Structures are given as C-alpha cells and as structure tokens.
Amino acid sequence: MNLYEGIFERQSIRHYRMEALDTKIINNILNYASHLENLSDGVRTGFRVLTWQNVKKHLMGTLHIKAPYYLVLFSDVVEESMLNAGYLLGQIDLYMVSRGLGTCFFNGARLLCDGENGLVPIMAIGFGRPERQYYRSSKRTKRLPLSEICTIKEEVSEEERCIVEAARLAPSSMNNQPWRFVLYNGRIHLFCKKNRLPVPGIQRLHFLDTGIALAYLAVGAEEFWFNPELIKVENISEKQFKRNEYVITMRWK
C-alpha cells in the first residue's frame, strides 16, 4: 500500500496492542519525517518518538488515547506553525498507515513532554499495532460531499478531481472539515473556514486540520504524476472573505 491508497482505507485507531515495534520501524518513521520539507523556511521543526512508559504518568486518568508510541512534532511558535504541523503530520500519518500501523492524531502533545532547543510540542500521533483489523472503505467515511466544499469554475481533468477527492477524506478534529477548495485555471486554491466564535484554540485546530488536507492534496498530486508548487496568490491574499480565510494555492509546474 502506498500513501495515496492509505487515504481511502485509513481510520483513527483508539485501541492498540501494547507491544513493542522493531527498532527499524521507528527509525524508518523518524527518517521519513526528517526528510519532509516545511511549508516555510522560517519554521523550525523536530520530531521525537515516546513510548507509553515515557508518558503514562502524564496521561493516566485522562481520556486521551493509550497507544504504545507517540510521535511528537516540535516547532517554533509562528503564524504558520499549525498549518505546517498538519502538513507534515498528515504525510507522516499516511506513511505509518502504509506500513500497516494504526494511528490517531493526539491534541495533547504538551502533556507528553517539554520543549527542546527553543521548540515547543505542537501535536502528536499515537501509533502502534491495532487490536483488530483497522482498514475501512472510504464509502464509510463521514465527510461532506465534494459539492459542498469545492467550487469548480471551469472544466477540470479527472485527475484533478481525484486529487481534491483525496483531500476531502482528510481527518479533522471533531470531524469539523474546515477546508474549502476552489479549482480554477490549473490551480487549487485552499481556504480555511473561519470559526463563528472568536476562540483562538479552535481556529488553531482548524489550521492544523487544513494542513492535513494540504498534505493529502500533495500526496494525491504525486500519485497522478503532477509536479505541484505551493504559492501565495497576492490578489487573493489581499481580499477579505466573510466565512473563509485564504491559505495557499497549489499549481502545477
């Protein structure tokens, strides 16, 4: 299974076999993560894998997922840190799934460990061998239809539709699905839905979720041999939208 195929079978796993993984598997995950590119050169990131034994004193008695391992992403705290974290973790999560592991995003990274080298823990992924069969058909995934989250302004190729369909299946906190897409002139413009209530924590999670959707766009583009480039379109960036915030544009080189 490759990363693109994993999109259509992935589900969040909440019950794991609390057994050790081969050290080579852990090293391969960290190696894959270390070779991913940040969305911006101005963001520093780092990764660490912790075991349940490392973190259980912090999580015992809480409602957080009990997993044998947690991959923690550390980052500078800058404007794009949540979007960037989602973009990186979305790819790492699919890499784990493609290797037969169960995963679950964990919004409690700061409970697991302290910061390091001036970076703070932003988000984590719990992972390990699932208790039971964990793949599911994308037909059972509860997501909004493409017609509600994507505006197509001209005729587009079937491959471009498939790329956005892949992003539609991205996981999000509380299944909020805050991403919105506009397909036009060989470009996919990505927007993030604005939270109706001025709650900074929720909007931060919206940007993390949108970063995961962006990762799924990138994986889909690679599957269909597109050569994507991420840019900011100034005439869109300068506009104020009532319900959505412009994030980034993917175009083909």
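## The chain as a whole

What share of the 253 residues of the chain counts as buried? The share is 50%. Keep in mind that this is a predicted model, so everything below describes a prediction.

Let's start with the overall build. The secondary structure adds up to nine helices and ten strands. Measured out along its principal axes, the C-alpha trace spans about 55 × 35 × 35 Å. A compact globule with 253 residues would have a radius of gyration near 18 Å, and the chain agrees because its own value is 18 Å.

## Contacts, surface and charge

How do the contacts spread along the sequence? Take the contacts between residues at least 6 apart in sequence: 75% of them join residues at least 24 apart.

On the outside, the accessible surface of the chain comes to about 13,200 Å². Carbon and sulfur atoms account for 47% of that surface. As for charge, the chain has 33 positive and 27 negative charges, and the mean positions of the two sets are 8 Å apart.

## Aromatic pairs

How many aromatic pairs does the count come to? The answer is seven. One of them joins Phe 226 and Trp 252, with 4.5 Å from centre to centre and 50 degrees between the planes, which makes the pair tilted. Phe 226 sits in the loop between helix 8 (200–223) and strand 9 (228–231), while Trp 252 belongs to strand 10 (residues 244–252), so this pair ties together parts that are 26 residues apart in sequence. Phe 226 has 21% relative accessibility and so counts as partly exposed; the cut-off for buried is under 20%.

Elsewhere, ring pairs link Tyr 4, Phe 8 and Phe 224 into a cluster.

## Phe 74, a residue in strand 3

Is Phe 74 buried or exposed? Its relative accessibility is 0%, so Phe 74 counts as buried. You'll find Phe 74 in strand 3 (residues 69–75).

Leaving out residues up to four places away in sequence, Phe 74 touches a list of residues that includes Arg 44, Thr 45, Gly 46, Phe 47 and Arg 48. Also among them are Cys 113, Asp 114, Gly 115 and Glu 116, along with Leu 119, Val 120 and Pro 121. For a sense of distance, try Glu 160: Phe 74 and Glu 160 are 86 residues apart in sequence, and their C-alpha atoms are 33 Å apart in space.

## Two residues of strand 9

Pro 228 lies in strand 9, and so does Leu 230. Pro 228 has a relative accessible area of 27%, so it is partly exposed. Leu 230 is partly exposed too, with a relative accessible area of 31%.

What does each one touch? Setting aside neighbours within four places in sequence, Pro 228 is in contact with Ala 221, Met 250, Arg 251, Trp 252 and Lys 253. Leu 230, with residues up to four places away not counted, touches Leu 39, Tyr 87, Leu 214, Ile 248, Thr 249 and Met 250. Met 250 turns up in the list for Pro 228 and again in the list for Leu 230.

Now for some spans across the model. Pro 228 and Gly 118 are 110 residues apart in sequence and 32 Å apart in space, C-alpha to C-alpha. Leu 230 and Ile 122 are 108 residues apart in sequence, with 23 Å between them in space, again C-alpha to C-alpha.

## Loops with a positive phi

Which loop holds Asn 117? Look between helix 5 (109–112) and strand 5 (120–130). Asn 117 isn't a glycine, yet it has a positive phi of about 55 degrees. Its relative accessible area is 68%, so Asn 117 is exposed.

Trp 225 also has a positive phi, near 65 degrees, and is likewise a residue other than glycine. Trp 225 lies in the loop between helix 8 and strand 9, and at 83% relative accessibility it counts as exposed.

## Glu 148 in helix 6

Last stop: Glu 148, which lies in helix 6 (residues 146–149). With a relative accessible area of 51%, Glu 148 is exposed, because the cut-off for exposed is over 50%. Glu 148 and Phe 181 are 33 residues apart along the chain, and their C-alpha atoms are separated by 9.7 Å.

Definitions and conventions
Residues numbered from 1 in each chain as written. Predicted model: local features only at pLDDT ≥ 70, side-chain atom pairs only at ≥ 80, totals over all residues. Heavy atoms only, no water. Helix = DSSP H or I, 4+ residues; strand = E, 2+ residues; numbered from the N terminus. Rg over C-alpha atoms; globule rule 2.2 N^0.38 Å. Buried < 20%, exposed > 50% of the residue type's maximum accessible area, 1.4 Å probe, protein only. Contact = heavy atoms within 4.5 Å. Areas by Shrake-Rupley, 256 points an atom, 1.4 Å probe, with all protein chains shown as cover. Lys, Arg positive; Asp, Glu negative; His and termini not counted. Charge placed at Lys NZ, Arg CZ, Asp CG, Glu CD. Phe/Tyr/Trp six-rings, centres within 6.5 Å; stacked < 30°, edge-to-face > 60°.
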